[in-house]
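Biologist: Please take one strand of this model and go through it closely, then follow the bonds and contacts elsewhere in the chain. I am in my first year, so give the cut-off for each term when you use it.

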Amino acid sequence: MWDRKMMGKSYLFLSLLQAAVSMEWTINTPSEVTAQRGLCARIPCQYSYPSRLSEITRVGIWYHGENWNSQSIVFHSRVHSNESPRFHHRTRLSGDLRDGNCSLVIDSITQEDEGPYHFRIEFNNKDSYSFVPVTRLRVSDFTDKPSIFPVETVEGKTVNVTCTFNTTCKGTAPTLTWVTPTDEPLSVSHSLTQWGDSLTYTYVVSLTPALKH
């Protein structure tokens with residue numbers, strides 16, 4: 001009888017200990033993110049960890065797929081050569097791991113990038129944690145094409161043509177090519193505005209229409 005009571009108390013203690021540990025290691029990520037083929041994907045991610053580790057160097061690792069192994073590493077914050085060749089040079093963090101920000105950006109999205117993504121943190125003192133739940137990435141067709149706002153043109157009068165493009169990833173500015181009937185250089189200006197997670201790139205080209213003889 002005594003052994004059963006002790007075993008019951010031990011089990012309860014371990015359960016409480018596990019619950020306390022899991023409360024120190026938490027993550028906040030969406031269950032699903034959708035990105036358009038050819039553009040970028042951003043997986044928002046915020047994690048917390050025991051305060052005793054706040055001054056210790058850490059490594060953030062993202063995995064893709066059902067298996068957590070070296071072949072499925074999408075991003076490695078310390079050794080980029082550990083990343084899968086398919087993701088190498090296409091992934092980065094949009095925040096700072098020291099601030100608890102583990103948001104992942106994937107450029108040039110392909111259909112093969114669909115699936116679950118997992119985050120793991122490793123500290124230099126050997127503390128580490130693999131977070132759940134995972135975020136599933138869905139890839140859709142490319143529909144977010146630039147919007148061009150034409151203006152009425154009058155021969156000899158300079159006009160501005162505006163083109164805008166929306167995205168959710170910093171560092172993924174579109175490359176626009178302007179084609180005109182003449183070889184004269186164009187005057188192009190651009191700006192970037194942000195509302196929440198949405199970024200808007202605005203390009204304005206100035207030209208002076210003329211009749212072609």
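Modeller: Strand E15 covers residues 198-207, and seven of its 10 residues are buried, so the strand is largely enclosed by the rest of the structure. Buried means under 20% relative accessible area, exposed means over 50%, and partly exposed lies in between, with a 1.4 Å probe and protein chains only. Strands are DSSP runs of E, at least two residues long, and helices are runs of H or I with at least four; both are numbered from the N terminus. This is a predicted model, in which local features need pLDDT of at least 70 and side-chain atom pairs count only at pLDDT 80 or more, while totals for chains, interfaces and linings use all residues. Residues are numbered from 1 along each chain as its sequence is written, and side-chain values use heavy atoms, with hydrogens and water left out.

E15 has a partner in strand E13 (residues 159-167), with nine antiparallel bridges between them. Two strands pair if DSSP finds at least two bridges between them. Strand E14 (residues 187-195) also pairs with E15, again in the antiparallel sense and over nine bridges. Val 204 appears in both pairings: Thr 162 stands opposite Val 204, and Val 204 is also the bridge partner of Ser 189.

Ser 206 belongs to strand E15 as well. What is the exposure of Ser 206? At 24% relative accessibility, Ser 206 counts as partly exposed. In space its C-alpha is 6.6 Å from that of Leu 186, although the two residues are 20 apart in sequence.

A second strand worth a look is E11 (residues 135-140), where the side chains alternate. Thr 135, Leu 137 and Val 139 point to one face and are buried, while Arg 136, Arg 138 and Ser 140 point to the other and are not. In a regular strand the side chains alternate between the two faces of the sheet. Strand E2 (residues 32-36) runs parallel to E11 and is joined to E11 by five bridges, with Gln 36 opposite Ser 140. E9 pairs with E11 in the antiparallel sense over three bridges, and Gly 115 stands opposite Leu 137.

Next come the cysteines. A disulfide is a pair of cysteine sulfur atoms within 2.5 Å, and the model has one. A disulfide is a covalent bond between the sulfur atoms of two cysteines. Here Cys 45 is joined to Cys 102, with 1.8 Å from S to S. The link of Cys 45 and Cys 102 is left-handed, with -70 degrees about the S-S bond. Cys 45 lies in the loop between strand E3 (41-43) and E4, and Cys 102 in the loop between strand E7 (91-93) and strand E8 (104-106), so the bond ties together parts that are 57 residues apart in sequence. Cys 45 is buried at 2% relative accessibility, and Cys 102 is buried at 0%.

Charged side chains make links too. A salt bridge is a side-chain nitrogen of Lys or Arg within 4 Å of a carboxyl oxygen of Asp or Glu, and there are nine. One of them joins Arg 52 to Asp 127, with the closest N and O atoms 3.3 Å apart. This pair links distant parts of the chain, 75 residues apart: Arg 52 is in the loop between strand E4 (46-48) and strand E5 (58-64), and Asp 127 is in the loop between strand E9 (115-123) and strand E10 (128-130). Arg 52 is exposed, at 55% relative accessibility. In another salt bridge, Asp 96 and Arg 98 bring their closest N and O atoms to 2.8 Å; Asp 96 is partly exposed at 26%, whereas Arg 98 is exposed at 62%. Arg 120 and Glu 122 form a salt bridge at 2.9 Å between the closest N and O atoms, and Glu 122 is partly exposed, at 27%. Arg 86, Arg 90 and Asp 113 are linked in a network of salt bridges.
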